[in-house]
Amino acid sequence: MMIRYASYFIAVLLPLLLFRWFAPASIGEIDFWLLWLLAMVLVALPVVYAEIALAYRSVEGPLAGMQKLTRESDASPIWRSFGWLAALVSIVIAALIISGASTGILTALTELNSTPDVPSFAIAAGLMVITVLLSLLGTAPLPIGLGLMVVGLILGIANGMPNISFAMTDISLVEWARAVALALVSVGAGTGLYWFGQNLVSKQTITAVEANSQQAQNKAARDYRATKLVLPIWILQLLVGVVALFISGMSLPPIGQLLYWAGVLFVVSYLLHYSTQQLTHKFGLLVSLIITFVLALLLVVAIPTTWLVGILVIVSSVAVLLLSVFAGWQMKISHLRKSLNFSSEAFYNLWRVAIRLVVPLALLLALIGWVIQWLS
């Protein structure tokens, strides 16, 4: 049952986890909200459509699916790097969140006068070990994590909401860069998580209909619509994103912080489960688990948090750029049209223009904006 709803849990959880890294300085900037909404429509929505379409076409996870799709499209093997980058993005997200969790837990314990006599990097390493062990449970930790996080946030709301002064500011490439990063990273576009979730559901469905007639399978194919999967995910991201923007500057009481960060560990375990499952296609389960753990541990212990944010922005942007160019320019039109199964040809043409031109251009402008910010 949890497999069917994993994508919806991720759509709710990622904004709650990641908005704090990109939004606090822009909470009251009305123009930033408008840019974020524009990025959600022009960039995030077409990319999620592309992930679902490629998942349906390949009937495999991102790493194995890209190998199948590149052979089918007679495309260069370089496009397969999306599968590797998607797995890396999930590990970087996990390391960034665990780094924040270690700081948050230390802060909460300090307020409770129970500060442990250990360095913060040791706490981060211990949390990573716990998270990797939880990753062996697959999708099961997601509802537990969401429940704990919601309880922690409710305690924070009871403690008082932040006062937000709204104002219009000057629009710049730097602001667009943060809006695009928020729209992409925080909703998981380009991570392959929705591709992976749809692949799990597809495998479950195929198993369920194996004993059915060919007629029943054909009817299921006719009833398929990518929009039925994409719009609920995107709307959830939008609604939770608005909530996350309002509460991203909220301070939690110590107990609320501990509950929130405990929930975070359960959620992050799914990200590591996903990356492990992708690498398993090449290395087997045990080796993939070790690779995931070692890489995540190195990132969380050796890389400063601000650098992790930069690494996440660069890797996720490159991954989304690869996905959009491959889906827009390398895939056969007939294959994508069938995989999306839009009710109108006009909708398909709009999506195709967006994934071929709008998304790459928006990403390049966002990367320029990040470079300007880093240089300044």
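This report walks through the overall build of the protein and then visits a few of its residues.

**The whole protein**

Please keep in mind that what you see is a predicted model. The protein is built with 15 helices and 0 strands. Along the principal axes, its C-alpha trace spans about 65 × 50 × 35 Å. How does the radius of gyration of the protein agree with that of a compact globule? For 376 residues a compact globule would come out near 21 Å, and the protein has 20 Å, so the two agree.

The contacts tell you about the fold as well. Among contacts with a separation of 6 or more, 87% are made by residues 24 or more positions apart. Of the 376 residues, 53% count as buried.

Turning to the outside, the accessible surface comes to about 15,900 Å², and carbon and sulfur atoms hold 69% of that surface. As for charge, the protein has 18 positive and 13 negative charges, and the mean positions of these two groups are 15 Å apart.

**Glutamine 67 and arginine 80**

A good place to begin a closer look is helix α3, which covers residues 62-73 and holds glutamine 67. Is glutamine 67 buried or exposed? Its relative accessibility is 13%, and because the cut-off for buried is under 20%, glutamine 67 counts as buried.

The side chain of glutamine 67 has a partner: a polar contact of 3.0 Å joins it to the side chain of histidine 281. Leaving aside residues up to four places away in sequence, glutamine 67 touches Arg80, His281 and Lys282.

Arginine 80, one of those residues touched by glutamine 67, sits in the loop between α3 and α4. With a relative accessible area of 23%, arginine 80 is partly exposed. Which residues does arginine 80 touch, not counting residues up to four places away in sequence? They are Leu63, Met66, Gln67, Thr70 and Arg71. For a sense of distance, the C-alpha atoms of arginine 80 and alanine 53 are separated by 16 Å, and these residues are 27 apart along the chain.

**Two loop residues with positive phi**

Next come valine 59 and asparagine 113. Valine 59 has a phi near 55°, a positive value in a residue other than glycine. Asparagine 113 also has a positive phi, near 60°, and is likewise a residue other than glycine. The table puts their places and values together.

| Residue | Loop | Phi | Relative accessibility |
|---|---|---|---|
| Valine 59 | between α2 (30-58) and α3 | near 55° | 30%, partly exposed |
| Asparagine 113 | between α4 (81-111) and α5 (120-135) | near 60° | 71%, exposed |

What puts asparagine 113 in the exposed class? Its relative accessibility is 71%, and exposed means over 50%, so asparagine 113 counts as exposed. Valine 59, at 30%, counts as partly exposed.

**Valine 243**

The last stop is helix α10, made of residues 226-247, where valine 243 has its place. Its relative accessibility of 45% makes valine 243 partly exposed. How far is the C-alpha atom of valine 243 from that of asparagine 341? The two atoms are separated by 32 Å, and the residues lie 98 apart along the chain.

Notes
Residues numbered from 1 in each chain as written. Predicted model: local features only at pLDDT ≥ 70, side-chain atom pairs only at ≥ 80, totals over all residues. Heavy atoms only, no water. Helix = DSSP H or I, 4+ residues; strand = E, 2+ residues; numbered from the N terminus. Rg over C-alpha atoms; globule rule 2.2 N^0.38 Å. Buried < 20%, exposed > 50% of the residue type's maximum accessible area, 1.4 Å probe, protein only. Contact = heavy atoms within 4.5 Å. Areas by Shrake-Rupley, 256 points an atom, 1.4 Å probe, with all protein chains shown as cover. Lys, Arg positive; Asp, Glu negative; His and termini not counted. Charge placed at Lys NZ, Arg CZ, Asp CG, Glu CD. Polar contact = N/O pair within 3.5 Å; in protein donor to acceptor, adjacent residues only side chain to side chain.
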